[in-house]
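This report is meant for a reader who is meeting the structure below for the first time. Please look over the sequence and the model before reading on.

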Amino acid sequence: MTHSNYERLHVNLKKLKLERIEEMLDNYLETVLKENKPVMEILDHLVNEQYMVNQQNYLDTKMRLALFPYKKVFDDFDFSFQPSIDKQVVEDLCTMRFIHNAENVILLGPPGVGKTHLAIALGIEAIKAGLSAYFTTTHNLIKKLQNANKNGKLESRLRALCRHKLVIVDEIGYLPISEEEANLFFQFVTRRYERGSIIITSNRSFGDWGKVFHDDVLASALLDRLLHHSTIINIQGESYRLKEKIECGLFEHNKGEK
Ligand code: ADP
Ligand code: MG
């Protein structure tokens with residue numbers, strides 16, 4: 001190989017954005033040529049290294065775009081602390097069948113029982129499975145829809161939200177929702193109905209949703225769409241946040257936290 005060949009190879013690898021190959025080429029070639037490795041094996045190794053880097057970058061980008069508030073995975077979740085959760089149901093959700101079928105997941109329960117943790121863990125699994133996910137709180141989602149509506153861009157905002165295979169809407173029921181806000185949220189749910197999955201977390205039982213949305217009719221229309229194809233996980237347990245305090249006897253069960 002001439003010097004100009006060598007230079008052109010490095011320049012072209014950079015231009016083609018095969019940076020990993022470009023970076024490892026010299027050292028790797030030096031080693032494998034000494035070992036007399038077959039060309040096919042050398043090529044395969046280099047291309048595979050580049051592929052793995054690309055794949056990791058792709059996952060990192062999707063994770064960033066998902067806007068998870070923090071990283072929580074199933075391995076960190078202590079199922080023995082929440083025996084009301086049927087692990088088989090969660091394992092079935094991990095197959096991502098529910099996303100392929102545009103079904104919803106509703107995680108209900110008091111604060112601290114792991115609803116957001118499980119929602120994020122499912123979102124991360126979805127991304128690992130090559131699907132796209134987007135995390136938002138109910139409050140942020142509604143604020144974004146309101147802004148879009150004010151600027152005449154509601155339609156394009158709803159369309160953008162539908163591009164994600166999975167949208168996680170965290171915390172229905174913590175903050176009051178006005179009539180206008182409830183209507184915007186209804187439009188979001190209607191738009192995704194049978195087209196894309198939603199995971200919802202809420203500390204309020206379905207019976208309370210009329211109060212949350214200040215409108216019984218709208219709440220039941222919402223639930224009708226959300227629950228039609230859905231998995232409901234109703235967690236009835238203690239707050240994990242208070243686990244240690246409960247263990248030390250500093251708190252009585254189910255008390256002391258919003
Ligand atoms: P919720 O959304 O139900 O209010 P979170 O998911 O925010 O509760 O959980 C509160 C904290 O406790 C988080 O840091 C979460 O990772 C942790 N946590 C909750 N349940 C468990 C569990 N069973 N195993 C491990 N960590 C848990
Ligand atoms: Mg939560």
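## The surroundings of the ligand

How many residues surround ligand 1, and which are the closest? In this predicted model, ligand 1 is surrounded by 15 residues, and the closest of them are D78, G112, K115, T116 and H117. Sorted by class, the shell around ligand 1 consists of six nonpolar, four polar and five charged residues.

The space that ligand 1 takes up is the largest pocket.

## Polar contacts and burial

Three of the residues can be described through their polar atoms and the oxygen atoms of ligand 1. H117, which is among the closest residues, has a polar side-chain atom 2.6 Å from an oxygen atom of ligand 1, while G112, also among the closest, places a polar backbone atom 2.7 Å from an oxygen atom of the ligand. In R241, an N or O atom of the side chain lies 3.2 Å from an oxygen atom of ligand 1. Ligand 1 exposes 560 Å² when taken alone, and the protein buries 89% of that area.

## The chain as a whole

The protein chain contains 12 helices and five strands. Taken along the principal axes, the box filled by its C-alpha atoms is roughly 80 × 55 × 30 Å.

How does the radius of gyration of the protein chain stand beside that of a compact globule, and what is its value? For a compact globule of 258 residues the radius of gyration would be near 18 Å, whereas the protein chain has 24 Å.

Notes. Residues numbered from 1 in each chain as written. Chains lettered and ligands numbered in written order. Predicted model: local features only at pLDDT ≥ 70, side-chain atom pairs only at ≥ 80, totals over all residues. Heavy atoms only, no water. Near = heavy atom within 4 Å. Polar contact = N/O pair within 3.5 Å; in protein donor to acceptor, adjacent residues only side chain to side chain. Areas by Shrake-Rupley, 256 points an atom, 1.4 Å probe, with all protein chains shown as cover. 1 Å grid on protein atoms, 1.4 Å probe; cavity = no way out; pocket = protein on both sides within 12 Å on 5 of 7 lines; lining within 4 Å. Sits in = over half its atoms within 2 Å of the grid points. Nonpolar A, V, L, I, M, F, W, Y, C, P; charged D, E, K, R; others polar. Helix = DSSP H or I, 4+ residues; strand = E, 2+ residues; numbered from the N terminus. Rg over C-alpha atoms; globule rule 2.2 N^0.38 Å.
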